[in-house]
Amino acid sequence: MFAVEVRGHIMIAHSFRGELFGPAQALHGATFVIDAAFMSEKLDANGVVVDIGRAHEALHGVLGPLNYRNLDELPQFKGQNTTTEFVTKYVFDALAAAVRAGSLGRDGREIKALRITVLESPSARASYEAPLW
């Protein structure tokens, strides 16, 4: 399987509910580095998995509204613990919609899978990967 991966980052604030989270129950900041890998069994006629510029634009389009925001205040996250794992699925769903719509310069059905990895520190990360069809 071929893969093209693009990277973005966001600076956010959030808090968590539940004793499991200890001090992270209080409002705190985080800088997330987000990698999005688009996967295909074959290259297109141009020799690419997706147009890398469009992949960057799609990722930044998803991340832009979150950057420098308190995730606790965003209506789409109301009542959610916006854990690193939660953020991976949120980004996955938004980018999957872009792929399925053919927004990355290729028939979306030719992109077989997507993997989102969110690094919350140099030593901790979470991923979500699934087929798109």
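In the predicted model, D35 has a relative accessibility of 7% and therefore counts as buried, the cut-off for this class being under 20%. The acidic side chain of D35 is paired with R7 in a salt bridge whose closest N and O atoms are 2.6 Å apart. This pair connects distant parts of the chain, with R7 in strand β1 and D35 in strand β2 (residues 28-40), at a separation of 28 residues. R7 is assigned to the partly exposed class because its relative accessibility is 47%, so the bridge joins a buried residue to a partly exposed one.

The salt bridges of the model number five in total. Side chains of opposite charge can pair when their charged atoms come close. A further bridge is formed between R115 and E5, with 3.5 Å between the closest N and O atoms. Here too distant parts of the chain are linked, R115 belonging to strand β4 (residues 113-121) and E5 to strand β1 (residues 2-14), 110 residues apart. Both partners are partly exposed, R115 with a relative accessible area of 23% and E5 with one of 41%.

A bridge within a single helix is provided by D93 and K89, for which the closest N and O atoms lie 2.7 Å apart. The two residues are four positions apart in helix α2 and are therefore separated by about one helical turn. D93 has a relative accessible area of 37%, which places this residue in the partly exposed class; K89, at 32%, is likewise partly exposed. Through shared partners, salt bridges also join E5, R115 and E129 into one network.

The largest pocket encloses about 160 Å³ of space. Its lining consists of H14, F16, F21, H28, A30, T31, F32, T83, T84, E85 and E120. Two or more lining residues are contributed by each of the elements β2 and α2, and β2 supplies the largest share, namely four residues. In terms of residue class, the lining comprises four nonpolar, five polar and two charged residues.

Among the lining residues, T83 is situated in the loop between β3 (69-70) and α2 (84-100). With a relative accessibility of 14%, T83 falls under the 20% limit and so counts as buried. Apart from neighbours within four places in sequence, T83 is in contact with F16 and F21, both of which also appear in the lining of the largest pocket.

Attention is turned finally to W133, which is located in the segment after β5 (124-131). The relative accessibility of W133 is 43%, and this residue is therefore classed as partly exposed. When residues up to four places away in sequence are not counted, W133 touches R100, G108, R109, I111 and K112. Two of these contacts involve backbone oxygens. The backbone oxygen of G108 is located 3.1 Å from a polar atom of the W133 side chain, and the W133 side chain also reaches the backbone oxygen of I111 at 3.1 Å. In addition, the C-alpha atoms of W133 and A113 are 7.9 Å apart in space, the two residues being 20 positions apart in sequence.

Key: Residues numbered from 1 in each chain as written. Predicted model: local features only at pLDDT ≥ 70, side-chain atom pairs only at ≥ 80, totals over all residues. Heavy atoms only, no water. Buried < 20%, exposed > 50% of the residue type's maximum accessible area, 1.4 Å probe, protein only. Contact = heavy atoms within 4.5 Å. Polar contact = N/O pair within 3.5 Å; in protein donor to acceptor, adjacent residues only side chain to side chain. Salt bridge = Lys/Arg side-chain N within 4 Å of Asp/Glu carboxyl O. 1 Å grid on protein atoms, 1.4 Å probe; cavity = no way out; pocket = protein on both sides within 12 Å on 5 of 7 lines; lining within 4 Å. Points joined across faces, edges and corners; volume = space filled by probe spheres on them. Nonpolar A, V, L, I, M, F, W, Y, C, P; charged D, E, K, R; others polar.
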